[in-house]
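Please open the structure in your viewer and set the display to a cartoon representation. The tour below proceeds by selection, with a short account of what is found at each stop.

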Amino acid sequence: MYAVIKTGGKQYRVQAGDLLVVEKLDGEPGAEVAFGDVLLLGDGEAITVGAPLVDGAKVSATLIETRKGEKVKIFKKIRRQGYRRTRGHRQSETVLRVTAIDGAGKSAKWDGKVDLTSKALLDARARNLKNVVAELEAAAAPAPAEAPAKKAAPKKAAAKKSDAAE
């Protein structure tokens, strides 16, 4: 079973279990996201087309991470005038795992486990950057509860120099 959804001004064809990169959505990693803008549902030969939306259809997904996309360079030049400008841009994007599609009396669910590992951590592991991996895993792990601070032991009185000389 598949669906065509609309989000961020774009349309995406999704199935249960798909990994999807869309325009930035609000939410924390692990949050559930529901899309009600379902334009089409398909199940083999049976296709339900909405006018403009399919009634009662819903696509559920789990938010994995929000990150910046690939860098785009903007270069402007007017020849023979000495005019050159270079700028860059990185669009914010959200990574989702589609977990369920419901509608038209049918449903499809994904049975796998959603892994919240970020792309930065996967890239660092692939490049064998152990110090970067350690930093990213420490940042992703929940902070442990702080133990009560120990009191400093009282210092012993120092012997006077005059007593030590005798």
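Begin with strand 5, residues 38–43, and add strand 6; Gly 42 will be found opposite Ile 47 in strand 6. The model is a predicted one, and this should be borne in mind at each stop. Strand 5 and strand 6 run antiparallel and are joined by 4 bridges.

**The open sheet**

Now extend the selection to the sheet to which these strands belong. It is an open sheet of 4 strands in the order 2-1-5-6, with antiparallel pairing. Its edges are formed by strand 2, at 10–15, and strand 6, at 46–49, each of which pairs on one side only. On average, neighbouring strands of this sheet are turned by 15° against each other, direction ignored. As a general point, strands of a sheet pair through backbone hydrogen bonds, in either a parallel or an antiparallel manner.

**Strand 7 and strand 8**

Next, select residues 58–78, which form strand 7, together with residues 83–103, which form strand 8. How many bridges join strand 7 to strand 8? There are 18, and the two strands run antiparallel. To inspect one pair of residues, display Leu 63, which stands opposite Leu 96 in strand 8.

Follow the chain into the hairpin of strand 7 and strand 8, where 4 residues lie between the strands. Select Arg 80 in this hairpin: its phi is positive, near 65°.

**Further partners of strand 8**

Keep strand 8 selected and add strand 3, residues 19–23. These two strands run antiparallel and are joined by 5 bridges. Leu 19 has Arg 97 in strand 8 as its bridge partner.

Then add strand 9, residues 106–109, which is joined to strand 8 by 4 bridges in an antiparallel arrangement. Display Ala 100 and Lys 109 to view another pair: Ala 100 stands opposite Lys 109 in strand 9. The hairpin of strand 8 and strand 9 has 2 residues between the strands. Within this hairpin, Ala 104 takes a positive phi near 55°.

**The positive patch**

Finally, switch to a surface representation and select Lys 68, Lys 71, Lys 73 and Arg 90, which gather in a patch of positive charge on the surface. Which strand gives the most to the positive patch? Strand 7 does, with 3 residues. Lys 73 is located in strand 7, and selecting this lysine returns the view to the strand that is joined to strand 8 by 18 bridges.

Key:
Residues are numbered from 1 along each chain as its sequence is written. This is a predicted model: local features need pLDDT of at least 70, side-chain atom pairs count only at pLDDT 80 or more; totals for chains, interfaces and linings use all residues. Side-chain values use heavy atoms; hydrogens and water are left out. Two strands pair if DSSP finds at least two bridges between them. Axes are lines fitted to C-alpha atoms, for helices over the stretch in contact, and angles run from 0 to 180 degrees between N-to-C directions. Patches are made of residues with over 30% relative accessible area and no salt bridge: like charges are joined within 9 Å, nonpolar side chains (Val, Leu, Ile, Met, Phe, Trp, Tyr) within 5 Å. Accessible areas come from the Shrake-Rupley method with a 1.4 Å probe; for residues, only the protein chains shown count as cover. A salt bridge is a side-chain nitrogen of Lys or Arg within 4 Å of a carboxyl oxygen of Asp or Glu. Lys and Arg count as positive and Asp and Glu as negative; His and the chain ends are not counted. The place of a charge is taken as NZ of Lys, CZ of Arg, CG of Asp or CD of Glu.
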